[in-house]
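This briefing sets out selected features of a single protein chain, grouped by topic. Please read it alongside the sequence and the coordinates.

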Amino acid sequence: MTSHTITAQWQEIPDDADDAVLVHGGFRTFRCACAKPLPDRVAAELHAMETGQCSACLGSADQEIVPGFVRRCAACAATGKRDVQLVWEVAHTEAEQLITSALVRDMVERFEGPFRLSEVADMIRLELDLPVGRLPVGPRVRDLLREMEAGGELVMLSAPDELLRGTSVVLYRDPQWQRVIDSSS
């Protein structure tokens, strides 16, 4: 049986590098244990799909977001398998249909003061009677809260939990927001 372990390696940027290969201050090359040529990320993802591996983490169950910061792959629930990734993609689509901006807005209006992402996600899980792990509720709620923040309805109160690459790439674990009260009404 042929091994299809795909690895990504960060490389230093050569002086004559094409802008297309740059990723967060470096570029990646990809290799598979089967020796198939993988010149770029697209080729690596296609090879991962062909061999039944997750195309997000390339079968490793971990994603290196930037050099030195690795997290468990959310696309395949850290299994590294393509079939699990497809199930999660369907679950994300279902979450987008069930968890609407109107529903999140309604939940947010119930808070008098600051609230956390986890609190809103838990309220929505209860409202929709969803067991934990049934749908990616937290990521969907986070995306909608960020949209509300971008639209001026919310202001984030949390400082980043980690600076991954200075202030350009940051990590929030359970951010806190507050509604913006319209004083003109």
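How many disulfides does the count come to? The count comes to zero in this predicted model. The chain holds five helices and nine strands, and buried residues account for 31% of its 185 residues. The points below treat the overall architecture, the cysteines, two helices with buried positions, one helix pair and one loop residue.

**Overall architecture**

- Read from the N terminus, the elements follow the order β-β-α-β-β-α-α-β-α-α-β-β-β-β.
- Of the contacts between residues at least 6 apart in sequence, 46% join residues at least 24 apart.

**Cysteines**

- A disulfide requires two cysteine sulfur atoms within 2.5 Å.
- For C34, the closest cysteine sulfur is that of C32, at 3.4 Å, and this distance is too far for a bond.
- C57 likewise takes part in no disulfide, with the sulfur of C76 as its nearest cysteine sulfur at 3.8 Å.
- Is C57 buried or exposed? C57 counts as buried because its relative accessibility is 5%, while C34, at 26%, counts as partly exposed.

**Helix α1**

- Helix α1 spans residues 41-50, and its buried residues are A43, A44, H47 and A48.
- Viewed down the axis of α1, these buried residues lie within an arc of 135 degrees, so they line one face of the helix.
- In an α-helix there are 3.6 residues a turn, so residues three or four places apart point the same way.
- V42 and E50 are exposed and sit on the face of α1 turned away from the buried side.
- G52, just after α1, adopts a positive phi of about 75 degrees.

**Q85 in helix α2**

- Q85 belongs to helix α2, which covers residues 82-98.
- With a relative accessibility of 4%, Q85 counts as buried, because buried means under 20%.
- Which side chain makes a polar contact with the side chain of Q85? The partner is the side chain of R82, at 2.8 Å.
- Neighbours within four places in sequence aside, Q85 is in contact with Q53, C54, S55, A56, A75 and C76.
- C76 therefore appears twice in this account: as a contact of Q85, and as the residue whose sulfur is nearest to that of C57 among the cysteines.

**Packing of α3 and α5**

- Two packed helices are described by the angle between their axes and the distance between the axes.
- Helix α3 (residues 101-109) packs with helix α5 (residues 137-150) at an angle of about 75 degrees, and their axes are 10 Å apart.
- The two helices are therefore roughly perpendicular to each other, a description that applies to angles of 65 to 115 degrees.
- The residues that meet are S101, V104, R105 and V108 from α3 and L144, L145 and M148 from α5.

**D161 in the loop between β6 and β7**

- D161 is located in the loop between β6 (154-156) and β7 (162-165).
- At 44% relative accessibility, D161 counts as partly exposed.
- Beyond residues up to four places away in sequence, D161 touches L171, Y172, R173 and D174.
- Which backbone nitrogen does the side chain of D161 reach? The side chain of D161 reaches the backbone nitrogen of R173, at 2.5 Å.
- D174 lies 13 residues from D161 in sequence, and their C-alpha atoms are 8.8 Å apart in space.

How values were computed
Residues numbered from 1 in each chain as written. Predicted model: local features only at pLDDT ≥ 70, side-chain atom pairs only at ≥ 80, totals over all residues. Heavy atoms only, no water. Buried < 20%, exposed > 50% of the residue type's maximum accessible area, 1.4 Å probe, protein only. Helix = DSSP H or I, 4+ residues; strand = E, 2+ residues; numbered from the N terminus. Arc of directions from axis to C-beta. Contact = heavy atoms within 4.5 Å. Polar contact = N/O pair within 3.5 Å; in protein donor to acceptor, adjacent residues only side chain to side chain. Axes fitted to C-alpha atoms, helices over the stretch in contact; angles between N-to-C directions. Parallel < 35°, antiparallel > 145°, perpendicular 65-115°, else oblique.
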